[in-house]
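Here are a few notes to read alongside the model, set out as numbered points. I hope they help as you look through it.

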Amino acid sequence: MGIELLGFQTTIANPVTLKGIGVHSGAEVSITFHPAEADAGIVFQRVLAGGRVAEFRAVSSQVGNTDLCTVLGFSSATSIATVEHVMAAIYALGLDNLLVEVHGAEMPIMDGSSEPFIDAIEQVGLRALAVKRRYIRIIKPVRIDSGASWSEFTPYDGMRFEVEIDFDCPLIGRQAWKGDMTPSVFKRELSRARTFGFMRDVERLWAGGFALGSSLENSVVISDDNTVVNVEGLRYADEFVRHKTLDAVGDLSLAGAPFIGCYRSYRGGHKMNANALKALLSDPTAYEVVETATPRQRTRSRDMVAVAAPGFAPWSA
């Protein structure tokens with residue numbers, strides 16, 4: 001049967017603002033989500049000194065550094081970091097067009113999950129637009145390998161994620177999450193999973209100018225004796241793999257259009273997600289761009305028809 005898909009594009013009904021600190025800079029940040037017109041896509045605008053604006057479309061070609069987070073842009077003077085948790089919420093809720101006004105160098109980390117962004121978007125609601133939504137449908141497998149890690153896209157009648165992690169830490173070990181992605185699944189099973197890190201890495205990260213805003217309020221911290229430092233414990237028994245899946249949802253949203261297929265990864269991360277997406281989009285025989293053939297707001301994958309891809313390639317914009 002396949003999961004139900006949106007047949008038409010959306011935006012938010014009204015602007016909404018969130019404020020917090022950047023997990024790496026430790027600086028105060030504010031972002032405002034603004035409605036956008038059909039086919040605008042997701043656009044980030046960083047407000048710089050003197051009122052200048054650096055603008056980035058949330059697409060694969062604009063991805064710079066992926067070492068500790070996903071960054072849009074290639075210069076630290078203008079780039080926008082840690083977009084993955086925001087993008088995961090945007091993607092999972094089916095939001096196609098949005099202007100994100102940013103006062104700061106990165107997204108606010110909030111509580112380390114996507115839940116605050118989900119709440120903000122649902123607070124103002126989505127508005128349907130009278131333009132068909134397009135999808136990237138996977139039609140043949142695409143796989144990349146890096147040492148013991150690998151990621152792949154395969155054909156599937158829906159939007160599915162299968163993510164497995166394997167840490168040399170008895171608290172985490174080998175964990176897997178698998179499921180078809182819908183707004184309700186994301187909200188229930190993934191949205192509250194927080195970013196995590198190890199106490200042993202803190203001094204090294206601080207020395208490099210990273211994790212300056214990290215705290216027990218926005219991160220799950222694992223002590224040197226492999227226990228959770230946070231008094232409240234974990235939100236899910238397997239919160240670690242659920243957060244890695246949340247990250248993958250956000251990273252793959254940078255395709256510029258939702259995909260119809262299955263994404264699988266083993267011991268992946270931001271860099272692996274980005275490289276897998278680039279491998280897919282660089283092979284035009286591996287996918288087709290489709291839209292609904294019916295005038296319904298909700299549709300199924302089987303009702304999608306191929307359209308001319310050269311006229312719709314947001315990932316290269």
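1. Let me start with the polar side of things. In this predicted model, 22 residue pairs are in polar contact between domain 1 and domain 2, both residues of each pair being at pLDDT 80 or more.

2. Which elements give two or more residues to the side of domain 1 that touches domain 2? They are helix 1 (84-92), helix 2 (115-124) and strand 8 (126-132). Helix 1 gives the most, with seven residues.

3. You may also like the make-up by class. The side of domain 1 that touches domain 2 has 19 nonpolar residues, along with 11 polar and six charged ones.

4. On charge pairing, four salt bridges are found across the interface of domain 1 and domain 2. For a pair to inspect by eye, try arginine 192 and glutamate 115, whose side chains form a salt bridge at 3.5 Å, N to O.

5. For orientation, the domain assignment splits the chain into domain 1 (8-132) and domain 2 (134-306). Their centres, taken over C-alpha atoms, are 18 Å apart. In terms of contacts, 36 residues of domain 1 meet 46 residues of domain 2.

6. How much area do domain 1 and domain 2 bury between them? The value is about 3200 Å², with 61% of it on carbon and sulfur atoms. On the domain 1 side, Phe8, Tyr91 and Lys132 are worth a look: they supply 23% of the area that domain 1 buries against domain 2, more than any other three residues.

Definitions and conventions:
Residues are numbered from 1 along each chain as its sequence is written. This is a predicted model: local features need pLDDT of at least 70, side-chain atom pairs count only at pLDDT 80 or more; totals for chains, interfaces and linings use all residues. Side-chain values use heavy atoms; hydrogens and water are left out. Domain bounds come from an automatic or database domain assignment. Contact means heavy atoms within 4.5 Å. Buried area is the accessible area (1.4 Å probe) that two parts lose on being put together, summed over both. A polar contact is a pair of N or O atoms within 3.5 Å; within protein, one must be able to donate a hydrogen and the other to accept it, and residues adjacent in sequence count only if both atoms are side-chain atoms. Helices (H or I, at least four residues) and strands (E, at least two) are DSSP runs, numbered from the N terminus. Ala, Val, Leu, Ile, Met, Phe, Trp, Tyr, Cys and Pro count as nonpolar, Asp, Glu, Lys and Arg as charged, and the others, Gly among them, as polar.
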